[in-house]
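This report looks at how helices meet one another and at where charged side chains pair up. Please keep the sequence and the structure in view while reading.

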Amino acid sequence: DDDALFETRKHAVQSTWKAVEESLGVGATELFYKRLFEEYPEVRPMFPDGDFDMNEQAEKLFKTVTLAVDYLNDVPSLLPILADLGGKVRPRSAKVAIYVALFSRCALSNRRY
């Protein structure tokens, strides 16, 4: 049943993110960016030095993921919020699908840290 599977996955995501918040906080997204740039140096130009404060960027990503996880109980309300945030992405960093895929891969590989 799709609803049961969604509930199981939602609980897994929420409990995992709660553990991340409590143990690493914004350090989790700092690790993500470190790992991202090590494994995929071709995405580094999306964040030009002097144009992006990477600590601020890590904080923004942390807050966005936290918001998304918090709203998993109300996905219809989450979608316009994420669409609004996505609309604020600069044109040169518009490769959002690649970014999301890389985030997922790096986040999963960061489990060993």
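## Threonine 29 and its surroundings

Threonine 29 has its place in helix H2, and the model in which it is seen here is a predicted one. Is threonine 29 buried or exposed? Its relative accessible area is 1%, and because buried means under 20%, threonine 29 counts as buried. When its neighbours within four places in sequence are left aside, threonine 29 is in contact with Ala58, Glu59, Leu61 and Phe62.

## Helix H2

Helix H2 runs over residues 27-39, which gives it 13 residues. From its first C-alpha to its last it reaches 18 Å, and this is close to the 18 Å expected at 1.5 Å a residue. Threonine 29 is one of the buried residues of H2, which also include Gly27 and Ala28 at the start of the list and, further along, Phe32, Tyr33, Arg35, Leu36 and Phe37.

## How H2 meets H3

Helix H3 covers residues 54-70, and H2 packs against it at an angle of about 115 degrees, with the two axes 8 Å apart. The crossing in which H2 passes H3 is right-handed. Which residues of the two helices meet? On the side of H2 they are Thr29, Glu30, Phe32, Tyr33 and Phe37, while on the side of H3 they are Met54, Asn55, Gln57, Ala58, Glu59, Leu61 and Phe62. Sorted by character, the residues of this contact of H2 with H3 comprise 7 nonpolar, 3 polar and 2 charged.

## How H1 meets H3

Helix H1 takes in residues 2-23, and its axis comes within 10 Å of the axis of H3, the two crossing at roughly 145 degrees. H1 passes H3 in a left-handed crossing. The contact involves Val13, Gln14, Trp17 and Glu21 of H1, together with Phe62, Val65, Thr66 and Val69 of H3. Of the residues in this contact of H1 with H3, 5 are nonpolar, 2 are polar and 1 is charged.

Phe62 of H3 thus deserves a second look, for it appears in the contact with H1 and also in the meeting of H2 with H3.

## Salt bridges within the helices

How many salt bridges does the structure hold? There are 6 salt bridges, and among them is the one between glutamate 7 and lysine 10, whose closest N and O atoms are 3.0 Å apart. Both of these residues lie in H1, 3 residues apart, which is about one turn of the helix. Glutamate 7 is partly exposed, at 41% relative accessibility, whereas lysine 10 is buried, with a relative accessible area of 11%.

In H3, the side chains of glutamate 56 and lysine 60 meet in a salt bridge, with 3.3 Å from N to O. These residues are 4 apart in the helix, so about one helical turn separates glutamate 56 from lysine 60. Glutamate 56 is partly exposed at 42% relative accessibility, and lysine 60 is also partly exposed, with a relative accessible area of 44%.

Another salt bridge joins the side chains of lysine 63 and glutamate 59, with 4.0 Å from N to O. Lysine 63 and glutamate 59 are likewise 4 residues apart in helix H3, so that about one helical turn lies between them. Lysine 63 counts as exposed at 52% relative accessibility, while glutamate 59 is partly exposed, with a relative accessible area of 31%. Glutamate 59 is also one of the residues in contact with threonine 29.

How values were computed
Residues are numbered from 1 along each chain as its sequence is written. This is a predicted model: local features need pLDDT of at least 70, side-chain atom pairs count only at pLDDT 80 or more; totals for chains, interfaces and linings use all residues. Side-chain values use heavy atoms; hydrogens and water are left out. The expected span of a helix is 1.5 Å times one less than its number of residues. Buried means under 20% relative accessible area, exposed over 50%, partly exposed in between (1.4 Å probe, protein chains only). Axes are lines fitted to C-alpha atoms, for helices over the stretch in contact, and angles run from 0 to 180 degrees between N-to-C directions. A crossing is left-handed if the near helix is turned anticlockwise from the far one by less than a right angle, and right-handed if clockwise. Contact means heavy atoms within 4.5 Å. Ala, Val, Leu, Ile, Met, Phe, Trp, Tyr, Cys and Pro count as nonpolar, Asp, Glu, Lys and Arg as charged, and the others, Gly among them, as polar.
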